[in-house]
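Q: Could you walk me through a structure with me, feature by feature? I would like to learn how to read each one.

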Amino acid sequence: MPSECVFGAQWGDEGKGKIIDRLAVGADYVVRYQGGANAGHTVVVGDEKFVLHLIPSGILHPGKVNVVGNGVALDPQALLSELDGLLERGVKVNGDNLRISASAHVIFDHHRVMDSLSEKWKGDGRIGTTGRGIGPCYSDKAARTGVRIGDLLEAERLAPRLKAALAEKNAWIVDLHKQAGIDFDEQLERFLALGERLRPFVGDVGGEIRRAHKAGKTILFEGAQGALLDIDHGTYPYVTSSNTGTAGIAAGAGFPANQIGGAYGIAKAYCTRVGEGPFPTEDHGDGGYKLRKEGNEYGATTGRPRRCGWFDATATQFTCEINGATGLIVTNLDVLSAFDTLRIGVSYSSNGVNLDGYPAGLIDLEEIEVEYEDHEGWGEDITMVRKWEDLPAKAKAYVERLEELVGTPIVMLSVGPERDQIIPRGLEA
Ligand code: GDP
Ligand code: IMO
Ligand code: MG
C-alpha cells in the first residue's frame with residue numbers, strides 16, 4: 001500500500017473513523033493534518049465504541065504510529081482527556097505510538113470563549129460551530145499571533161506570547177462583549193503544566209514521517225470534517241477554518257503532495273450536515289426524519305441532531321474531482337434498507353435551466369433546485385453481507401448508479417458501524 005489519504009466527501013461525519021481504523025491495518029503511520037476537537041471519529045470494536053476527536057483513528061491498532069500534524073488546532077486539555085480515556089479503557093498510548101507536532105497551534109480557553117461569543121454576535125447569521133475554538137485559533141495562526149505547542153514547553157517563550165494574546169483578547173471579551181476576562185497567571189500556570197504532560201509526545205513529526213516514507217513505510221492521512229466544509233471550496237462562510245481535503249496534507253503534515261499515492265473520499269449513501277448553511281438535497285419531511293432515526297444521526301462531538309437528506313451526486317462529483325479521489329467509499333448503505341423508495345439528487349438547475357455541475361458561489365447554491373431520480377429500495381437487511389455478489393440486485397444497481405453519476409470508482413462499501421461490516425469492491429483492507 002503506498003501512502004494514501006482518506007477525506008470526507010460530504011459535510012463531515014461520513015464514517016471516516018471507521019474506514020481509517022480499517023485501512024490502518026495496512027499502514028505504519030496514521031496522520032491527522034487539520035481540524036481539531038471539532039472532529040468526532042467513531043470506531044466500533046465489538047461491544048466497545050470509541051469516539052476520537054484529536055488522536056488519530058489508528059490508535060486502536062498496536063504497533064501503528066499516530067501523528068498529530070502541525071496543521072491541527074490542538075486543545076491540549078481535550079487531547080489529554082482523550083488520552084486518559086483511552087488509557088482507562090486499556091488502550092496503549094505513549095510517546096512511541098502518539099507523536100505531536102511542536103508546530104501545531106494551541107487552542108486556549110479564550111479561543112473557545114471567542115468562538116461562542118462570535119456565534120452569539122452573529123445571531124441568525126451564525127455558522128453553528130462546534131464551539132471548540134477552531135475559528136479563533138486558526139484566525140490567530142493566520143494573523144501570526146498564535147502560540148504553538150512547542151511554546152508550551154518553555155515558560156520564557158510562552159509567557160510573553162500569552163500575555164500579548166490575552167491583552168488583545170481580553171479587550172474584545174471584556175470591553176466589547178462585557179464578559180469576564182481571562183486571567184493570565186492562571187492560564188500560564190495551567191498551560192505550562194499541560195505542556196509538561198505533552199512533552200514526551202512532542203517533536204518534529206513532519207521530518208519523522210518524511211524519513212519513514214523514504215524508508216518504505218506506509219503513511220495514511222486522516223482528514224477531518226468534509227470537503228464541503230473546506231475553508232476555500234466549501235459552502236463559505238458555513239464552513240470550518242481549514243483545508244479539509246488532500247490540499248491540506250502538504251501544509252498540515254509537512255509531507256510532499258506529490259508523494260500521496262491514493263485519495264479515498266468517504267460518502268454516506270445519503271447525506272447529512274450539522275450546523276447551518278446550504279444543503280440542497282436536505283429532506284425536511286418524513287424521509288429526513290426517517291434517515292435520522294434509522295441512521296442514528298446525532299453528532300459524535302456535540303450530540304446535535306444531524307440534518308438529513310439524499311445522496312447529492314453533483315456535490316460529491318465536485319468533491320471527488322477537487323480532491324483527486326482515486327476511489328470513493330460509500331458508508332451506511334445498510335441504513336437505506338428501511339426505505340421503499342430511495343432518492344438520488346442527480347443534477348442542479350436554476351430558474352428551470354440545468355446547471356452544468358456544481359456552482360462555485362453560495363448564492364447559486366441557495367437558489368438552486370435539485371433534480372431527483374427515484375429508485376426502488378431493496379427492503380432487506382444487508383448488515384451481514386460481506387461480498388458484492390451477495391448484495392440484493394437493487395442495492396447493486398443503486399451503488400452502480402452512484403458510481404456512474406460521481407464518475408469515481410466505488411472501491412468499498414460499509415454496511416454497519418463495526419470493523420468487519422465491509423464489502424470490498426477493488427480495495428482490500
Ligand atoms: P466521521 O466523523 O466521518 O468519522 O463519522 P462519525 O463517527 O461522526 O459518524 C459516523 C457514524 O456512523 C458513527 O456513529 C459510526 O459508528 C456510524 N457508521 C459508520 N459506518 C457505518 C455504516 O456503514 N452503517 C451504519 N449504520 N453506521 C455506520
Ligand atoms: P468530523 O471530522 C461534521 C461543522 C460544524 C459547523 C462548521 C464549523 O467528525 O467529520 P467549527 O467548529 O469547525 O468552526 O464548525 O463545521 N463541523 C463538522 N460537521 N463533522 C465534523 O467533523 C465537523 N467539524 C465541524 O457543525 O457547521
Ligand atoms: Mg464525526
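Q: Let me begin with a ligand contact: which atom of ligand 2 pairs with an N or O atom in the side chain of Thr 240, and at what distance?

A: Happy to help, and please keep in mind that this is a predicted model. An oxygen atom of ligand 2 lies 2.6 Å from a side-chain N or O atom of Thr 240. Backbone atoms take part as well: an oxygen atom of ligand 2 is 2.8 Å from a backbone N or O atom of Asp 13, and an oxygen atom of ligand 2 is 3.0 Å from a backbone N or O atom of Val 274. Of the 550 Å² of accessible area that ligand 2 has on its own, the protein covers 97%.

Q: Which residues are the closest to ligand 2?

A: Lys 16, His 41, Thr 130, Gln 225 and Thr 240 are the closest of the 20 residues that surround ligand 2.

Q: How should I read the surroundings of ligand 1, and which residues come nearest?

A: Start with the shell, then go to the atom pairs. Ligand 1 also has 20 residues around it, with Lys 16, Gly 17, Thr 42, Asp 334 and Ser 414 coming nearest. Helix 1 and strand 3 each give at least two residues to this shell. As for atom pairs, an oxygen atom of ligand 1 is 2.5 Å from a polar side-chain atom of Thr 42. The side chain of Ser 414 has an N or O atom 2.5 Å from an oxygen atom of ligand 1, while the side chain of Asp 334 has one 2.8 Å from a nitrogen atom of ligand 1. The protein covers 91% of the 580 Å² that ligand 1 has accessible on its own.

Q: In which pocket does ligand 1 sit?

A: Ligand 1 occupies the second largest pocket.

Q: Now the metal: which residues coordinate the magnesium ion?

A: With a metal, look at the donor atoms and where they come from in the chain. Here the magnesium ion (ligand 3) is coordinated by Asp 13 (OD) and Gly 40 (O), at 2.0 to 2.2 Å. These two residues are 27 residues apart and link distant parts of the chain: Asp 13 belongs to the loop between strand 1 (4-8) and helix 1 (16-23), and Gly 40 to the loop between strand 2 (29-32) and strand 3 (41-45).

Q: Are Asp 13 and Gly 40 buried, partly exposed or exposed?

A: Asp 13 counts as partly exposed because its relative accessibility is 22%. Gly 40 is buried, since its relative accessible area is 11%.

Q: How many residues of helix 1 are buried?

A: For a whole helix, count residue by residue. Helix 1 is mostly covered, with 8 of its 8 residues buried; among them are Lys 16, Gly 17 and Lys 18.

Q: What should I look for in the backbone angles?

A: Most residues other than glycine have a negative phi, and most peptide bonds are trans. Arg 144, in the loop between helix 4 (134-143) and helix 5, has a positive phi near 65°. Lys 178 also has a positive phi, about 60°, and is found in the loop between helix 5 and helix 6 (184-198). Arg 144 is exposed at 73% relative accessibility, and Lys 178 is exposed at 66%.

Q: Which residues does the cis peptide bond join?

A: The cis bond joins Tyr 236 and Pro 237, with omega about 5°. Pro 237 lies in the loop between strand 10 (219-222) and helix 8 (247-253).

Note on methods
Residues numbered from 1 in each chain as written. Chains lettered and ligands numbered in written order. Predicted model: local features only at pLDDT ≥ 70, side-chain atom pairs only at ≥ 80, totals over all residues. Heavy atoms only, no water. Donors = N, O, S within 2.8 Å, 3.2 Å for Na, K, Ca; no water. Helix = DSSP H or I, 4+ residues; strand = E, 2+ residues; numbered from the N terminus. Buried < 20%, exposed > 50% of the residue type's maximum accessible area, 1.4 Å probe, protein only. Near = heavy atom within 4 Å. Polar contact = N/O pair within 3.5 Å; in protein donor to acceptor, adjacent residues only side chain to side chain. Areas by Shrake-Rupley, 256 points an atom, 1.4 Å probe, with all protein chains shown as cover. 1 Å grid on protein atoms, 1.4 Å probe; cavity = no way out; pocket = protein on both sides within 12 Å on 5 of 7 lines; lining within 4 Å. Sits in = over half its atoms within 2 Å of the grid points.
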